[in-house]
Amino acid sequence: MAGNARDAGWMRTALGLARRGLGRVWPNPAVGCVIVSGNEVVGRGRTADGGRPHAEAAALAEAGGRARGATVYVTLEPCVREGRAGPCAEALISAGVARVVVAIEDPDPRVNGAGIAALRAAGIEVDLGCLAAEATALNRGFLRRVTAGRPMMTLKLAASLDGRIATATGESRWITGLRARVEVHLLRAQADAILVGAGTVRSDNPRLDVRELGMGDRSPVRVVVSGALSLPRDSHLAATAADVPLWLCHDVEAEASRRKAWAELGAELIEIPFQADGQLDLSAMMQRLGDRGITRVLCEGGGRLAAALIEDDLVDELVCYSAGLALGGSAVPAVGELGITALQLAPRFDLIDVAPIGPDMRSRWLRRH
């Protein structure tokens with residue numbers, strides 16, 4: 001059942017802790033845990049970078065003996081499977097906690113209600129569903145990977161009022177203002193991977209790292225879709241491939257010499273099959289990323305890649321930055337050709353929120369299913 005106002009307050013604190021782990025804990029979920037005795041917080045923790053220790057273990061270590069008889073607030077069902085540090089449900093039982101408030105169940109088949117059942121079997125009161133919607137939104141990437149085998153995809157668009165990302169001559173820096181560009185670095189820091197196409201690498205020579213907000217250590221995996229591996233080897237990505245993970249998704253026909261050259265630079269090569277129409281199978285690519293533990297992908301590619309991802313129903317969330325200028329029909333569109341002949345065939349997204357970001361406007365949309 002949903003928790004009361006007091007429970008909601010403590011769970012909100014646990015969600016805040018969990019949010020700090022986004023982009024740092026994959027393939028694990030970002031979980032937060034708060035242990036409360038009376039009105040005092042005696043322990044708190046989040047899933048550590050790299051996935052271990054879990055949030056409950058960190059909170060219990062801080063609480064020590066004060067955990068006995070306390071109430072635990074945790075954003076995801078405690079695990080029961082054996083791991084390097086042992087299952088969290090057993091740790092909570094051993095600590096003698098009296099009550100556990102859980103936001104959502106873990107759909108991982110190795111858990112999937114068993115953690116809650118173990119707590120209840122030990123005589124611990126368990127309440128489920130406190131701020132469930134917020135906890136689901138926070139871990140949408142992990143949940144998508146567990147239930148569908150692929151990461152959550154966020155498509156970021158930064159465009160003029162008429163949906164253009166560059167002038168007819170290719171000039172694009174900068175359509176949006178400084179504050180919007182800084183916020184994009186926060187989006188990057190909360191992602192496991194950034195995705196672009198080969199065209200973006202050739203035209204923009206991006207770094208695809210995190211350079212703002214003092215989070216330079218939080219650069220995600222850089223993923224580039226390049227069927228033929230026709231990428232410049234004097235690019236920023238090539239220069240940093242040995243230091244910041246670079247994954248190149250290519251087709252089966254990519255030249256052996258190009259594969260060898262990029263592998264020697266430090267890139268990981270991921271072979272992607274063709275679809276029936278001869279294009280790279282982006283659904284298979286997303287499954288490959290999921291197999292490697294990626295839970296959250298931020299796409300910053302151009303219009304062609306954006307259109308292909310939307311067409312294949314792989315975009316779960318849109319984050320759109322709109323700048324107060326118009327570039328006209330000859331400029332480069334944010335989303336390429338979709339071939340939609342009737343409005344009823346167009347993919348629909350539901351508006352989640354809108355906010356001014358400096359002189360620009362940011363809107364967030366979730367795919368309607």
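Two exercises with worked solutions follow, on a predicted model.

**Exercise 1. Helix packing**

Task: Describe how α3 and α4 pack, and state which residues make the contact.

Solution:
- Two packed helices are described by the angle between their axes and the distance between the axes.
- Take the two helices: α3 covers residues 88–95, and α4 covers residues 114–121.
- Their packing angle is about 20 degrees, and the axes lie 9 Å apart.
- Angles under 35 degrees count as roughly parallel. Therefore α3 and α4 are roughly parallel to each other.
- The crossing of the two helices is right-handed.
- From α3, the contact uses Ala-89, Leu-92 and Ile-93. From α4, Gly-115, Ala-118 and Leu-119 take part.
- Sort these by class: five are nonpolar, one is polar and none is charged.

**Exercise 2. Cavities and a pocket**

Task: Characterise the largest cavity and the second largest pocket by volume and lining.

Solution:
- Count the cavities of 30 Å³ or more: there are four.
- The largest cavity holds about 140 Å³ of space.
- Its lining has 13 residues; Pro-29, Val-31, His-54, Leu-76 and Cys-79 lie nearest the centre.
- By class, the lining of this cavity splits into six nonpolar, three polar and four charged residues.
- Turn to the second largest pocket, with a volume of about 520 Å³.
- This pocket is lined by 21 residues, and nearest its centre are Leu-187, Gln-190, Arg-296, Glu-317 and Arg-364.
- Elements giving two or more residues to this lining include the helices α5 (132–138) and α7 (178–189). Strands β6 (152–160), β12 (296–299), β13 (317–323) and β16 (360–367) also do so.
- The pocket lining comprises eleven nonpolar, two polar and eight charged residues.

Definitions and conventions: Residues numbered from 1 in each chain as written. Predicted model: local features only at pLDDT ≥ 70, side-chain atom pairs only at ≥ 80, totals over all residues. Heavy atoms only, no water. Axes fitted to C-alpha atoms, helices over the stretch in contact; angles between N-to-C directions. Helix = DSSP H or I, 4+ residues; strand = E, 2+ residues; numbered from the N terminus. Parallel < 35°, antiparallel > 145°, perpendicular 65-115°, else oblique. Left-handed = near helix turned anticlockwise from the far one by under 90°. Contact = heavy atoms within 4.5 Å. Nonpolar A, V, L, I, M, F, W, Y, C, P; charged D, E, K, R; others polar. 1 Å grid on protein atoms, 1.4 Å probe; cavity = no way out; pocket = protein on both sides within 12 Å on 5 of 7 lines; lining within 4 Å. Points joined across faces, edges and corners; volume = space filled by probe spheres on them.
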